[in-house]
2 protein chains.
Amino acid sequence: MQRTDVNTLGEFGLIDHLTENFVNKQQTTILGVGDDAAIIAGGDEQIVISTDMLVEGIHFDFTYTPLKHLGYKAVVVNLSDIAAMNARPEQITVSIALSNRFSVEALDELYAGIAAACKTYGVDLVGGDTTSSNKGLIISITAIGRAPAGRITRRSGAKVGDLICITGNLGAAYLGLQLLEREKAVFKDNPEMQPKMGEHAPYLLQRQLRPEARTDMVDTFAKEGIVPTSMIDISDGLASEIFHICKASGVGAIIEESGVPIHNDAQLQALEFNLDPITTALSGGEDYELLFTIDPKDTEKIRFLPDLYIAGEIVAKEDGVKLHTKGGNIHPIKAQGWNHFGE
Amino acid sequence: MQRTDVNTLGEFGLIDHLTENFVNKQQTTILGVGDDAAIIAGGDEQIVISTDMLVEGIHFDFTYTPLKHLGYKAVVVNLSDIAAMNARPEQITVSIALSNRFSVEALDELYAGIAAACKTYGVDLVGGDTTSSNKGLIISITAIGRAPAGRITRRSGAKVGDLICITGNLGAAYLGLQLLEREKAVFKDNPEMQPKMGEHAPYLLQRQLRPEARTDMVDTFAKEGIVPTSMIDISDGLASEIFHICKASGVGAIIEESGVPIHNDAQLQALEFNLDPITTALSGGEDYELLFTIDPKDTEKIRFLPDLYIAGEIVAKEDGVKLHTKGGNIHPIKAQGWNHFGE
């Protein structure tokens, strides 16, 4: 593969090069990349803004992360936050700092992933910054979304008696990461060994390396006439997220183990790793599913919706945050979760 | 000074700690820090968004940069971009990645500077991300501003015959940096040597370490009934910026050396360094003044405004981008500028 040094393009040349194939599609995008700032229409709705920073060696490892998938995932992580506000993502800005280890071709791969995510979710890339770093790659993305004021869903609206719901399934992304780490360790011991991921790997690796954001739920909620009472995206594991909702809402929660969705491949892989599947759902990270609460009067509206599970109930703050296991026991849940600090 | 390890707070504890003293003041800030995303009112105007990333060792050097000034400057750099759109900044998000070399007390200093800038400019901190890095400090800020659609000023509207204007003065920030670099070199050779910055240093160091954004000009333009035909902020030197305007507008420019404002301290310091003062204005960076063009019919509206200089005229594209020197010569200007790539 050709290796063009980033310095041959210069900063502005590099930005032009990386963004030349992005076409704005959102009506609200008045002006995109190329000026001091992007311009976005104000309109009759409210605007939500979220930002995330991904650091090489902390959030991703190039031993097993393809650049294109990284670009895709970096966007998805941010769109997931917009979906968690029950808003539609419309624009992103992308800033990157990179060491001179990265060639233009490598950046093109990264931006191909960013472009693929923009296409999948119909969002416009409207700005960013490109600079050098002393070490590794850092990606900072800001996502901008929009929703009618009355539909925006915060973490703080859960009420006693509300049902706790989860989309998709949990734990698979964490197990995908464990598979990758295991093979990395094997490879370090013996670089001639071919990876043997096992039969559950394809789904688990996809969940880890190329997750999707549940922006589809924003449309589903609108279609079904539901506004969740609270919502958060599950990036740090179910335990951490339910604690965020309980703290913000001043309530407690009881989670039914039998209601927590876990994919069959994740179930089987967890057992192979001698892990309890519910632990991977509670403490694993990066599933990017949605955790939300609804008023019980909306139960019939969601009961038969696909890919959506009722997994517990909001209780009084004094009752704490607990898990009702399949065996019938009640355990307190601890707010452990994915901690990118000091890892 | 006490040194509290960042890990003792955890990511969420750290965010709470760093943002607890920020109070939202903008009517458009519906919800700030603490949820998946911030919420900002849509309103009748357009929204402008700009983002910048600052990397330790590339954009700043802790040998001579106080953390509080760094926090202040990191905000100012972004507000300057919003001012360059002729919009009023209203919100910022701040993401930081930091190695475990930084204590909570160090971060508090950084955020004290961020808070000071928020107070000076009346902007709200509404979100961000905090994570660890393998090396050094990286700050990524996104600024959000607002303006009536008809007042937003892009780079692309300059027309032949328009007057070229500059606010404040140029070159001083670059000379401040040269002073700091000189003293750093002296200190490396002999750590017992006390810095001798010279009589021009106070102003030049202030311009380098604690610059201001010309958001006041947005109010001035509104009051005087002027909409510039094009505008950009001068972060990479006058030469680089006039090229951006000429490229975006499809025009050329002639800059009058006699019209380029240079502070007396900068003049004298440049001569001490054996530099031509106009070179520091053309190729130095980080002045964060505004370069804009106006229709000649608006000349009377700006002629007697303080701190604002007419420094040339927009000409046809074929005539190129040139400098008319005090000596009466015409030189082509090259688009060299501040390049953070590969430094």
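Start by selecting A:Lys301 and A:Asp298 in this predicted model. Their side chains meet in a salt bridge, with 3.4 Å from N to O. Side chains of opposite charge can pair when their charged atoms come close. Now color the two by accessibility: A:Asp298 counts as buried because its relative accessibility is 5%, under the 20% cut-off. A:Lys301, at 35%, counts as partly exposed.

**Next stop: A:Arg207 and A:Glu289**

Select this pair and you'll find another salt bridge, this time 3.0 Å from N to O. A:Arg207 sits in helix H5 (residues 201–209) of chain A and A:Glu289 in strand E10 of chain A, so the salt bridge ties together parts that are 82 residues apart in sequence. Both A:Arg207 and A:Glu289 are buried.

Keep them on screen and add A:Arg214, A:Asp216 and A:Asp307. Which residues are linked with these in a network of salt bridges? A:Arg207 and A:Glu289, the pair you already have, belong to that network together with A:Arg214, A:Asp216 and A:Asp307. If you count salt bridges over all chains, you get 32.

**Just along the chain: A:Glu286**

Move to A:Glu286, in the loop between helix H9 (277–283) and strand E10 (289–294) of chain A. Is A:Glu286 buried or exposed? It's buried, with a relative accessible area of 8%. Show A:Lys73 too, and you'll see a polar contact of 3.0 Å joining the side chains of A:Glu286 and A:Lys73.

Check the backbone while you're here. Most residues other than glycine have a negative phi. A:Glu286 has a positive phi, near 70 degrees. In UniProt, an unreviewed entry lists A:Glu286 under "binding site", along with A:His59 and A:Trp338.

**Another positive phi: A:Asn86**

Now jump to A:Asn86, in the loop between helix H2 (67–83) and strand E4 (88–98) of chain A. What is the phi of A:Asn86? About 65 degrees, so to speak a positive value in a residue that is not a glycine. A:Asn86 counts as buried, at 2% relative accessibility.

**A scattered set of annotated residues**

Select A:Tyr111, A:Gly128, A:Asp129, A:Arg155 and A:Ser235 together. These are covered by the "binding site" annotation in the unreviewed UniProt entry. They span 125 residues in sequence and the farthest two C-alpha atoms are 32.2 Å apart, so they do not all gather at one spot.

Zoom in on A:Tyr111 in helix H3 (residues 104–121) of chain A. A:Tyr111 is buried, at 6% relative accessibility. Leaving out neighbours within four places in sequence, the contacts of A:Tyr111 are A:Leu18, A:Phe22, A:Val94, A:Ile96 and A:Leu125.

Then swing over to A:Ser235, in the loop between strand E8 (230–234) and helix H7 (238–249) of chain A. A:Ser235 counts as buried too, at 17% relative accessibility.

**Across to chain B**

A:Arg155 from that set is your way over. It forms a salt bridge with B:Asp35, the closest N and O atoms being 3.5 Å apart. The pair crosses between chains: B:Asp35 is in the loop between strand E1 (29–31) and strand E2 (38–41) of chain B, and A:Arg155 is in the loop between strand E6 (137–147) and strand E7 (163–167) of chain A. B:Asp35 is buried at 15% relative accessible area, and A:Arg155 is buried at 14%.

Now select B:Arg155 and A:Asp35. They form a salt bridge as well, with the closest N and O atoms 3.5 Å apart. How many salt bridges are there between chain B and chain A? Four. There are also 21 residue pairs in polar contact between the two chains. On the side of chain B that touches chain A, strand E3 (residues 46–55) gives the most, with nine residues. The residues on that side divide into 29 nonpolar, 23 polar and 15 charged.

Zoom out to see the whole contact: 67 residues from chain B and 67 residues from chain A take part. Together the chains bury about 5,300 Å², 56% of it on carbon and sulfur atoms.

**Last stop: B:Thr153**

Finish at B:Thr153, in the loop between strand E6 (137–147) and strand E7 (163–167) of chain B. B:Thr153 is buried, at 1% relative accessibility. A polar atom of its side chain lies 3.2 Å from the backbone oxygen of B:Arg151. Show the contacts beyond four places in sequence, and you'll find several residues, including B:Ala84, B:Asn86, B:Pro228 and B:Met231.

How values were computed: Residues are numbered from 1 along each chain as its sequence is written. Chains are lettered from A and ligands numbered from 1 in the order in which they are written. This is a predicted model: local features need pLDDT of at least 70, side-chain atom pairs count only at pLDDT 80 or more; totals for chains, interfaces and linings use all residues. Side-chain values use heavy atoms; hydrogens and water are left out. UniProt positions are given in the numbering used here, feature names are shortened, and annotations may be inferred rather than shown by experiment. Helices (H or I, at least four residues) and strands (E, at least two) are DSSP runs, numbered from the N terminus. Buried means under 20% relative accessible area, exposed over 50%, partly exposed in between (1.4 Å probe, protein chains only). Contact means heavy atoms within 4.5 Å. Buried area is the accessible area (1.4 Å probe) that two parts lose on being put together, summed over both. A polar contact is a pair of N or O atoms within 3.5 Å; within protein, one must be able to donate a hydrogen and the other to accept it, and residues adjacent in sequence count only if both atoms are side-chain atoms. Ala, Val, Leu, Ile, Met, Phe, Trp, Tyr, Cys and Pro count as nonpolar, Asp, Glu, Lys and Arg as charged, and the others, Gly among them, as polar.
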